[in-house]
Amino acid sequence: MNVPELDKLTPEEVRPLVDFFLRGDPEHTEGTLQAITEIIGAAINLKPATMRHLTLTDDQLQAFQNILANLHLCHIIEELPLKELPPEEKFYDFFISRNLDTAKELQKTLHASLALGWCPDNPKDQKLTYGIGRLLGYPETAAHYFAYGPHDERGIIKHRPDADRDRYYIHSPEHFRTEYEQFEDILHPAVSKFAPTVANEMRQKTHYLWTSADL
């Protein structure tokens with residue numbers, strides 16, 4: 001796992017990111033809050049990369065690209081066909097990282113996984129799924145568990161009993177506390193420091209766990 005670099009970021013640098021997402025979502029949904037935290041995770045080097053699906057106008061696209069640049073993040077974008085959008089909007093996939101090669105690797109790995117299709121018992125699919133989890137910065141034990149199983153007869157990963165209280169990724173039943181210490185216990189204090197409004201709103205969603213102290 002990458003070593004977090006909390007001293008490379010300031011609340012002033014993060015504020016435009018928060019404003020960009022929250023203004024576009026007056027309800028401040030969980031998905032929007034999570035998008036902010038995942039990008040913060042990439043900016044502090046906890047996550048090698050992250051990816052987002054966004055519908056943007058040309059002006060919004062330029063604004064978001066400027067925000068990423070000010071956070072010292074590289075990105076690759078793909079415009080994807082999406083019917084029934086207003087003519088001024090376009091749908092994009094963003095692959096975001098502090099390193100352009102890592103963003104390209106995430107893009108390539110995702111494309112390979114999509115081309116292969118969903119086949120959880122296929123070793124190639126398992127390897128690609130594991131690679132995506134690692135590129136997204138999730139703990140190795142969690143990435144391995146999600147990729148390699150065990151799965152039920154439908155091919156669905158078997159969740160631990162508290163799985164509906166987790167954010168971001170599926171925790172493994174045997175290592176979930178350590179996984180919280182490796183990821184959430186680093187990310188969420190950083191969010192509290194750099195985007196306290198987001199942290200406060202996320203903590204109010206008490207259905208979800210916040211740190212290992214909640215386990």
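Biologist: Is D19 buried, partly exposed or exposed?

Modeller: In this predicted model, the relative accessible area of D19 comes to 27%. Buried would require a value under 20% and exposed a value over 50%, so D19 falls in between and counts as partly exposed.

Biologist: Which residue meets D19 in a salt bridge, and how exposed is that residue?

Modeller: The side chain of D19 meets that of R23, with 3.8 Å from N to O, and this falls within the 4 Å that a salt bridge allows. Being four residues apart in helix α1, the two are separated by about one helical turn. The residue that D19 meets is exposed, with a relative accessible area of 68%, and its name is R23.

Biologist: How many residues apart in sequence are E30 and R167, which form a salt bridge?

Modeller: The closest N and O atoms of E30 and R167 are 2.5 Å apart. E30 is buried at a relative accessible area of 15%, and R167 counts as buried at 4%. Because E30 lies in helix α2 and R167 in the loop between α6 (140–148) and α7 (176–182), their salt bridge ties together parts of the chain whose separation in sequence is 137 residues.

Biologist: In the salt bridge between R154 and D152, which residue counts as exposed?

Modeller: The two side chains meet at 2.8 Å, N to O. D152 has a relative accessibility of 19% and therefore counts as buried, whereas the value of 59% puts the other partner among the exposed residues, and that partner is R154.

Biologist: How many salt bridges does a search of the whole structure find?

Modeller: Those discussed so far include R23 with D19, E30 with R167 and R154 with D152. When the whole structure is searched, the number found is five.

Biologist: How many aromatic pairs are there, and are F20 and F64 stacked or edge-to-face?

Modeller: The count comes to 10 aromatic pairs. For F20 and F64, the ring centres are 5.2 Å apart and the planes stand at 20°; since planes under 30 degrees apart meet the cut-off, this pair is stacked.

Biologist: Which helices does the pair of F20 and F64 link?

Modeller: Both residues are buried, and they are 44 residues apart, in distant parts of the chain. F20 belongs to residues 11–23 and F64 to residues 58–70, which are helix α1 and helix α3.

Biologist: Is the pair of F64 and F94 stacked or edge-to-face, and what does it tie together?

Modeller: F64 lies in helix α3 and F94 in strand β3 (residues 89–97), so the pair ties together parts that are 30 residues apart in sequence. F64 is buried, with a relative accessible area of 0%, and F94 is likewise buried at 0%. The ring centres lie 4.9 Å apart with 85° between the planes, and because edge-to-face requires an angle over 60 degrees, the pair is edge-to-face.

Biologist: Which residues form one aromatic cluster with F64 and F94?

Modeller: F20, already met as the stacked partner of F64, is one of them. F21 is another member of the cluster, and F21 also touches F64, along with residues that include T32, A35 and L54. Together with F64 and F94, the cluster is made up of F20, F21 and Y92.

Biologist: Which helix gives the largest share of the largest nonpolar core?

Modeller: In soluble globular proteins, nonpolar side chains tend to be buried together. Here the largest nonpolar core has 50 residues, and those with the most contacts inside it include L17, F21, F64 and F94. The largest share of this core, seven residues, comes from residues 30–43, which is helix α2.

How values were computed. Residues are numbered from 1 along each chain as its sequence is written. This is a predicted model: local features need pLDDT of at least 70, side-chain atom pairs count only at pLDDT 80 or more; totals for chains, interfaces and linings use all residues. Side-chain values use heavy atoms; hydrogens and water are left out. Rings of Phe, Tyr and Trp (its six-membered ring) pair if their centres lie within 6.5 Å; planes under 30 degrees apart count as stacked, over 60 as edge-to-face and the rest as tilted. Buried means under 20% relative accessible area, exposed over 50%, partly exposed in between (1.4 Å probe, protein chains only). A nonpolar core is a set of buried Ala, Val, Leu, Ile, Met, Phe, Trp, Tyr and Cys residues joined through side-chain atoms within 4.5 Å. Contact means heavy atoms within 4.5 Å. Lists of a residue's contacts leave out its neighbours within four places in sequence.
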